[in-house]
Amino acid sequence: MSTTTPTGPPVASTPARAGGRLGRNTQRLNEIGLIGAIVVLFVVLAATAPGFLTVTNQLAILRDAATVGVVAWAMTLVIVAGEIDISIGPAVAFSSVLLAKASGEWQVPFALAVLLCLAVGLLLGAGAGFLRARWGIPSFVATLGLWSGLRGLAQYMTDGLPVPLEPNGFLDVLAGSIAGIPTPAIIMAVLFGVFLFVANRTAYGRSVFAVGGNAEAARLAGISVARIRVILFATTGLLAAVSGLLLAARLGSGNGGASVGLEFDVIAAVVIGGTSLAGGKGSLLGTLLGVAFITFIGNGLVLLGVNAFFQDVVRGVIIVGAVLINVLLSHRKGAP
Amino acid sequence: MSNTDVVAEVRAGTKRYPGVTALSDVDFTVRRGEVRALLGKNGAGKSTLIKVLSGAEHLDSGEAFVRGRPLAGLGTRDVAGLGVATVYQELSLVPDMTVAENLFLGAWPRSRGAIDLRRMRAEAREAMARIGVHLDVDSPVDSLGSAGQQLVEIARAVGQRPALLILDEPTSSLAAAEVRQVIDAVRHVAEQGVAVIYVSHRMDEIRQVADTATVVRDGRIVETLPVGTASTQEIVTMMLGTAPDALAPRARRPSAERPVLSARGLVSEKLHGLDLDVRPGEILGIAGVLGSGRTEALRALVGLDRPDAGEIRLRGEAVRPGAFAAMLRRGLGITPENRRRQGIVPLLGVDENIVISDLRRVSRSGVLDRRAVRRAAQTLIDRLAIKTARPGTPIGTLSGGNQQKAVLARWLHAGSDVLLLDEPTRGVDVEAKRQIYHQMRELADDGRAVVFVSSEVEELADICDRIVVLRGGRAVAELSGDEIELNRVLALAIAEE
């Protein structure tokens, strides 16, 4: 035998191994639990909320889900990477204002105005990502700057008043339906497919998980962590702009005061879906369920005629409750 | 000396861990005012002895006493109450707090509910004076540098007015010039009647600080002797005992090829004019004590750090320093020293942890080809005998050795031909060690360059074709082929300045 002896008692590896398995199972468990919660919510609302089951209301739910969902897919990757983007609400409002201003007052051709909105959204997000990647400014702070700045800019540009949009075919399609399904819901569904694919099947998507799981290890393995971070925020910026177009089409105007608090609905949906704010762990399927959960609650509270202010209280309690149950479940299962 | 001078004692102490006898029938005594060096290889039983004396472990048989009280059944807190204070290698200070705040961390002097700042400062100055050091107690700890921080750690331990002070490699992260301050502080403490147990691998420093040395090997005490009377060579021989078995077939074929990677005059915080040549087809060992610049040398070579001065050439061409991504593209690979913090992405599968080094190889226009991922990973899992339930099992659940093999596999996947391995066998079991050695040998035979950094000189002497010894950020000696002998390497690595 060699003279090299282990420096301490050999560590039993069995518990750790079991922990890993269970780690995966808890994610599954969380998703099954969420499906259960959504089914219960659905049944309860169907029984108690007048008009919940009507086709009109179900389509309205789909349309509402898109408000959160379109950005939530991108946000899932941001949070998996261990980052956060809180600029969504103002970015959406700003994008709607930019579209109205550009196509109206500034007389930019409509198609160009749309492209302008998307490009500006992308660049603003990339800018925040660059601040994070290059100088290590925490993403909360970088996007807090956008959160404040874009809301202020949108309100300043419009004097706090809605800016009407000239109706056109493109806006009608965005605001309307295709084959009976609300267009925003279709866009949300397509984007879901795209992000599901990107997250699980592309080099970029897996790199996001690696960066969130251990940024230093990812860097030493040759992944360009900075590039990944810039792309992440550029993506949320772009999709916030898309949401802004949908909002403008729906309201028929650019509205600097719209989408207040949207960022927290999006983050709540992602977190309820089981994505860890610590990074490295999460799933788009979970976020899809989180979006459904949040949308059903919002819709139900309106139909039940709950006081508008009190709705926020109920939502707050339910969101924290959902995450608490999630955490308790994973502790129970993950504990040695 | 009378028996009342004895501060701590172990009688016929034996301690077993599953598969290892860490201490075997050990007798050990340390007296007031004595500085006792504890010497031995990694795994010789030093840490276990320290743990027993600080109450963190208990003997299976035999007895341990501190100031005459048996330690059986006592916890670390009780033993601390008896007057044992321990300073471990890792610093446990809050960097942004001041020296004074750190000295009383969690036990700040209070008056009427608030922290009594005046008293805290006064007592802090007193505590620093007790180790003979004068520092501004209001400066934040992270402005002090490593030596200053280590002194604060020692002052904090001494502040508990211990009868026995245990220092576990207190200078391991310090540059040679900074060591002096720690030595002075330790001498100062001993003069006040405190017994000190001092663990270090640096012979020159042990000669300055210690009165006596106890050499431990394979869980037994070989000898306790006055430091002044023994030569370094004698002590090294005692530490090693009989010649170790070969861990891997010795090749001893230093390569005659042109260097693939070479450094000239690298200067940075820890490097002071480092010259190094890395040749294809050989295992180059880098020896040297902690703080000699081993890790820094690797980081500079691979472009992770940018040296202040010096030149790095890859295949004869000068490269831009600090261009890490470019170096990886051009065939370098590095496995970091701290596997858990820098090596693995714990939640991802073994397969993804392997192919992460070059995702392009297993994807087409950015889209991963799952079959290619599985094939690439499985090939390497087989080649390195990585024990995992499935290729997709999260790597965080594997044993250290298997994790390390996967991190190494990464660079085989990327097809790197210059491999820089920083402590690839640390915390790895014997079997995995052998597999890693064999892998290194195969890579070298395959014509690749392997650079092997290790703090275990034994393994370097066993498997390297050439060894460069670093001291104080410079290459001070080079041994190749048959010149490589364990005792020579060891003596060079820990030799006096």
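Reader: At what angle do helix α2 of chain A and helix α12 of chain A pack, and how far apart are their axes?

Author: Two packed helices are described by the angle between their axes and the distance between the axes. In this predicted model, local features need pLDDT of at least 70, side-chain atom pairs count only at pLDDT 80 or more, and totals for chains, interfaces and linings use all residues. Residues are numbered from 1 along each chain as its sequence is written, while chains are lettered from A and ligands numbered from 1 in the order in which they are written. Here α2 (residues 55-80) and α12 (residues 284-303) of chain A pack at about 145 degrees, with axes 9 Å apart. Axes are lines fitted to C-alpha atoms, for helices over the stretch in contact, and angles run from 0 to 180 degrees between N-to-C directions. Helices (H or I, at least four residues) and strands (E, at least two) are DSSP runs, numbered from the N terminus.

Reader: Is the crossing of α2(A) and α12(A) left-handed or right-handed, and which residues make the contact?

Author: A crossing is left-handed if the near helix is turned anticlockwise from the far one by less than a right angle, and right-handed if clockwise. The crossing of these two helices is right-handed. Among the residues in contact are A:Ala65, A:Gly69 and A:Trp73 of α2(A), together with A:Val291, A:Thr295 and A:Gly298 of α12(A). Two residues are in contact if their C-beta atoms, placed from the backbone, lie within 7 Å. By class, this contact has 9 nonpolar, 6 polar and 1 charged residues. Ala, Val, Leu, Ile, Met, Phe, Trp, Tyr, Cys and Pro count as nonpolar, Asp, Glu, Lys and Arg as charged, and the others, Gly among them, as polar.

Reader: Which domains does the assignment give for chain B, and how many residues of each are in contact?

Author: Domain bounds come from an automatic or database domain assignment. For chain B these are domain 1 (3-240) and domain 2 (261-494), and their centres, taken over C-alpha atoms, are separated by 34 Å. In the contact, 15 residues of domain 1 of chain B meet 11 residues of domain 2 of chain B. Helix α8 (residues 232-240) of chain B gives the largest share of the domain 1 side, 5 residues. That side of domain 1 divides into 6 nonpolar, 7 polar and 2 charged residues.

Reader: In what order do the strands of the sheet containing β1 of chain B stand, and why is one side of β2 and of β5 left without a neighbour?

Author: Strands of a sheet pair through backbone hydrogen bonds, either parallel or antiparallel. Two strands pair if DSSP finds at least two bridges between them. This open sheet of 4 strands has the order β2-β1-β4-β5 in chain B, with antiparallel pairing. Strands β2 (20-31) and β5 (69-70) of chain B are at the edges with a single partner strand each, so one side of each lacks a neighbour in the sheet. Between β1(B) and β2(B) there are 8 bridges, and B:Val10 stands opposite B:Phe28 in β2(B). Strand β1 (residues 6-17) is joined to β4 (residues 61-66) of chain B by 5 bridges; B:Arg11 has B:Glu63 as its bridge partner in β4(B).

Reader: What is the strand order in the open sheet containing β13 of chain B?

Author: The order is β14-β13-β16-β17, and the pairing is antiparallel. The edge strands are β14 (272-278) and β17 (317-318) of chain B.
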